[in-house]
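Biologist: I would like to go through this chain with you before I return to the bench. Could we look at it together?

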Amino acid sequence: MKVTRGYKTELDLNNKQLTLCLKHAGAARWAYNWGLRRYQEEYQAGRKTPHAISLHKELNILKRTEIPWMYDVSKCAAQEALRDLEKAFKRFFENCHKKKAGTFKGKVGYPRFKSKKRGIGSFRLTGSIHVYEKSIKLPRLGVLRLKEKNYLPTSRVHILSATVSEKAGRWFVSLQVEQEIADPVKAIGPIIGVDLGIKTLAMLSNGKPFENPKALSKNLKKLRRLSRRHSRKKRDGKNREKSRRNLARLHAHIATIRQDAIHKTTSAIVAKTKHESERYSRIGIEDLNVKGMMKNRKLSRVVGDVGMHEFKRQITYKAKQSGSLITEVNRWEPTSKICSCCEWVNEELTLKDRVFVCIECGYVADRDYNAAKNIAKLA
């Protein structure tokens, strides 16, 4: 079957390439903001909103007179930025219609102007893109070295686009490709239940735990210290910019630890490389209301540190690629309060109680392990 996949890895840039990437990111940001102003002008004049193609034609005329510096970068940077703006307005109007119909809650998301203070940003390139073992060749940027070798696919794929982005001083390239993969062999192993928690990242119904790295909790003291230092620096000064970079590096470090733990845990559960008899035929997970849990001021920090929504997203697409089925258990099922042996319900169980004790049959087990076994039964 044909699938669309993304591959993201870090770039190893020299000073000249870094300057070119900054120019491309700035050109994409300028084109997006210019297009947003043109949308607002046409709306205020009562005319039909423009499309990305018409805006790009206007931009090509401006290049000859007002913005000749745009010739220093690839035309794809501005063109793709205008396409992103068109998609943003399309999504905004769709949300407005859903809001009037009463089928959408929350903010409709009107497109905002992009500021360099919120980040350098990214740009997307299309056209002639070539991938090698240790490098990648992009339009107008030339051959860029990769820090991770033999990761990007070099053959048997159709490259759609390449997105270059910056995060905390590090530059990454993300390839979107179309490739043919064999249909996954259906897994015929046992059924497993997965209970997500705070103490442990995930507990399986077979008793195997996956530890929570607690990336934010372990770096919270350092994060507070850097935040205080940043707040005391003079605005628009060089020292404030240095402290901002240090703070951004720590935030990126925390996010990387959390993402790495979730990837390793979901890959171990799905076990894509194992034989179909050893892979779980069905994986049961809870349909948790993560958005509602984040509103609890006493739990929001530790819940966000786990990354429950990201865990569910990753295990869903990985299970699909490995031939396993995902079953979501209703969030209102009291999986933690039910005895997995005799189904007695402990109504007085609180979040502080980490051990489940059944009065009826005398079963004693870890709270998360008992919940995982109940999730497996419901799945």
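Modeller: The discussion below moves from the overall chain to its helices, its charged pairs and a few individual residues. Please keep in mind that this is a predicted model.

Biologist: How many helices and strands are there in the chain?

Modeller: The chain holds ten helices and 14 strands. Its C-alpha atoms fill a box of roughly 85 × 50 × 45 Å along the principal axes.

Biologist: And what share of the residues counts as buried?

Modeller: Of the 379 residues, 40% count as buried. The accessible surface of the chain comes to about 22,900 Å², and carbon and sulfur atoms account for 51% of that area.

Biologist: What about contacts between residues distant in sequence?

Modeller: Taking contacts between residues at least 6 apart in sequence, 64% join residues at least 24 apart.

Biologist: Let us turn to helix α3. What is its length from end to end?

Modeller: Helix α3 covers residues 75-101, which makes 27 residues. The distance from its first C-alpha to its last is 40 Å, close to the 39 Å expected at 1.5 Å a residue.

Biologist: Which of the α3 residues are buried, and what do they pack against?

Modeller: The buried residues of α3 include Cys76, Glu80, Leu82, Leu85, Phe89, Phe92 and Asn95. Several alanines are buried there as well, among them Ala77, Ala81 and Ala88. The buried residues of α3 pack against α1 (15-44), α2 (52-65) and β2 (122-125).

Biologist: What comes just after α3?

Modeller: Gly102 comes just after α3, and it takes a positive phi of about 80°.

Biologist: How does α6 compare with its expected span?

Modeller: Helix α6 has 33 residues and reaches 48 Å from its first C-alpha to its last, close to the 48 Å expected at 1.5 Å a residue. Ala271 follows α6, and its phi is positive, near 55°.

Biologist: Now the charges. How many salt bridges are there?

Modeller: The count comes to 19 salt bridges. As for the charges overall, the chain has 81 positive and 37 negative ones, and their mean positions are 9 Å apart.

Biologist: Which salt bridges involve α6?

Modeller: One of them joins Asp305 and Arg258, whose side chains meet at 3.2 Å, N to O. Asp305 lies in helix α8 (residues 300-306) and Arg258 in helix α6, so the pair ties together parts that are 47 residues apart in sequence. Another joins Asp260 and Lys264, with the closest N and O atoms 3.2 Å apart. Asp260 and Lys264 are four residues apart in helix α6, and therefore about one helical turn separates them.

Biologist: Are these acids buried or exposed?

Modeller: Asp305 counts as buried because its relative accessible area is 3%, under the 20% limit. Asp260 is partly exposed, at 37%. Its partner Lys264 is exposed, at 56%.

Biologist: And which residues form a network of salt bridges?

Modeller: Arg38, Glu41, Glu42, Arg47 and Glu58 are linked in such a network. Within it, the side chains of Glu42 and Arg38 meet in a salt bridge of 3.0 Å, N to O. Both of these residues lie in helix α1, four residues apart, about one turn of the helix. Glu42 and Arg38 are both buried.

Biologist: Then what of Lys318: which side chain of opposite charge is nearest?

Modeller: That side chain is Glu310, at 8.0 Å. Lys318 has no salt bridge although it is buried, because a salt bridge requires the nitrogen and oxygen to be within 4 Å.

Biologist: Where is Lys318, and what does it touch?

Modeller: Lys318 is in helix α9 (residues 308-322). Not counting residues up to four places away in sequence, Lys318 touches His263, Thr266, Ser267 and Val270.

Biologist: One last topic. Which residues have a positive phi of about 65° without being glycine?

Modeller: Asp236 is one of them, and Glu343 is another. Asp236 lies in the loop between α5 (220-232) and α6 (238-270), whereas Glu343 is in the loop between β12 (325-329) and β13 (355-357).

Biologist: Are they buried or exposed?

Modeller: Asp236 is exposed, with a relative accessible area of 75%. Glu343 is exposed too, at 56%.

Terms used
Residues numbered from 1 in each chain as written. Predicted model: local features only at pLDDT ≥ 70, side-chain atom pairs only at ≥ 80, totals over all residues. Heavy atoms only, no water. Helix = DSSP H or I, 4+ residues; strand = E, 2+ residues; numbered from the N terminus. Buried < 20%, exposed > 50% of the residue type's maximum accessible area, 1.4 Å probe, protein only. Lys, Arg positive; Asp, Glu negative; His and termini not counted. Contact = heavy atoms within 4.5 Å. Areas by Shrake-Rupley, 256 points an atom, 1.4 Å probe, with all protein chains shown as cover. Charge placed at Lys NZ, Arg CZ, Asp CG, Glu CD. Expected span 1.5 Å × (residues − 1).
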